[in-house]
Amino acid sequence: MLVSDTPLILDACCIINLHVSGRIADILSALPVPIIMSETVKSFELLSLQKLDALSASHSGKFQTAIDRGLITVTDFETEEERANFVNYAAVLGDDGEAATFAIAAARGYAVATDDRKALNFAAQELPHLPLINTPHLVKQWVDNNSTQREAHREVLQNIRQLGRYLPPKAHPLYEWWMLILE
């Protein structure tokens, strides 16, 4: 799942799901790799997260706290290769956040965490060397390394399902595991 020395760059959809989980800091702390986010994703998603915070005060500020605590490192383009890939990927994906995530990952050899089907298909075709994971993998890493009760795990998955509007596809290898916790 996660290679212990490969940094992981989070796409917006995973950041949103972790944010609404109510346990973003706990989940990120359980990951054995450095966690990265592009400046482009941060800039665009901050607005979405502020809207979510307005709906649910219990999650307010958790995203920025994770950045402030060093659990997420924000990075921007460093090379012309990254900038060129960003432009090319944005034309195909139609989303600046995903394009920035993949441009940085491709140039630096990072793993990518995304739940977006179009982004996953793009990566499988264009960047098959990049390790890909998604929200269920991130949450399972936390569950496996966490002594909290099953009720806390259920609450995290319910928050992601309701507030993040995410449920893994039935074909996902962790779908059954996810559904068992939700029972």
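Trainee: In this predicted model, is Glu80 buried or exposed?
Mentor: Take its relative accessible area, which is 60%. The cut-off for exposed is over 50%. Glu80 is therefore exposed.

Trainee: Which residue forms a salt bridge with Glu80?
Mentor: The closest N and O atoms of the pair are 3.5 Å apart. A salt bridge needs them within 4 Å. Both residues lie in helix H5 (residues 80-93), three residues apart, so about one helical turn separates them. The partner is Arg83.

Trainee: What relative accessible area does Arg83 have?
Mentor: Partly exposed lies between the cut-offs of 20% and 50%. Arg83 falls in that class. Its value is 35%.

Trainee: Arg23 meets which residue in a salt bridge?
Mentor: The N to O distance is 3.4 Å. Arg23 is partly exposed, at 25% relative accessibility. Its partner is also classed as partly exposed, at 35%. That partner is Asp26.

Trainee: Which residue meets Lys140 in a salt bridge?
Mentor: Look in helix H8, four residues from Lys140, about one turn of the helix. The N to O distance is 2.8 Å. The partner is partly exposed, with a relative accessible area of 46%. It is Asp144.

Trainee: Which residues do salt bridges that share partners join into one network?
Mentor: Two glutamates and an arginine take part. The network consists of Glu78, Glu82 and Arg108.

Trainee: How many salt bridges does the count come to?
Mentor: Among them are Glu80 with Arg83 and Lys140 with Asp144. Arg23 with Asp26 also qualifies. The count comes to six.

Trainee: How many of the 10 residues of helix H8 are buried?
Mentor: Helix H8 covers residues 135-144. Its buried residues include Thr135, His137, Leu138 and Trp142. Lys140 is on that list too. The helix is largely enclosed by the rest of the structure, because the buried residues number nine.

Trainee: In what order do the five strands form the open sheet?
Mentor: Start with S1 (residues 8-10), which pairs in parallel with S2 over two bridges. Three bridges join S1 to S4 (residues 111-113). S2 pairs with S3 (residues 73-75) over three bridges, and the edge strands are S3 and S5 (132-133). The order is S3-S2-S1-S4-S5.

Trainee: Which residue in S4 stands opposite Leu10?
Mentor: S1 and S4 run parallel. Leu8, for its part, stands opposite Ile35 in S2. For Leu10, the residue in S4 is Ala113.

Trainee: In S3, which residue is the bridge partner of Ser38?
Mentor: S2 and S3 pair in the parallel sense. Ser38 is buried and belongs to S2. Its bridge partner in S3 is Thr75.

Trainee: Which residues of S2 point the other way from Ile35 and Met37?
Mentor: In a regular strand the side chains alternate between the two faces of the sheet. S2 spans residues 35-38, and all of them are buried. Ile35 and Met37 point one way; the other way point Ile36 and Ser38.

Trainee: How many disulfides does the count come to?
Mentor: Test Cys13. Its closest cysteine sulfur, in Cys14, is 4.7 Å away, too far for a bond. A disulfide needs the sulfurs within 2.5 Å. The count comes to zero.

Trainee: Is Cys14 buried or exposed?
Mentor: Cys14 is in no disulfide. Its relative accessibility is 0%. The cut-off is under 20%, so Cys14 counts as buried.

Conventions:
Residues are numbered from 1 along each chain as its sequence is written. This is a predicted model: local features need pLDDT of at least 70, side-chain atom pairs count only at pLDDT 80 or more; totals for chains, interfaces and linings use all residues. Side-chain values use heavy atoms; hydrogens and water are left out. Buried means under 20% relative accessible area, exposed over 50%, partly exposed in between (1.4 Å probe, protein chains only). Two strands pair if DSSP finds at least two bridges between them. A salt bridge is a side-chain nitrogen of Lys or Arg within 4 Å of a carboxyl oxygen of Asp or Glu.
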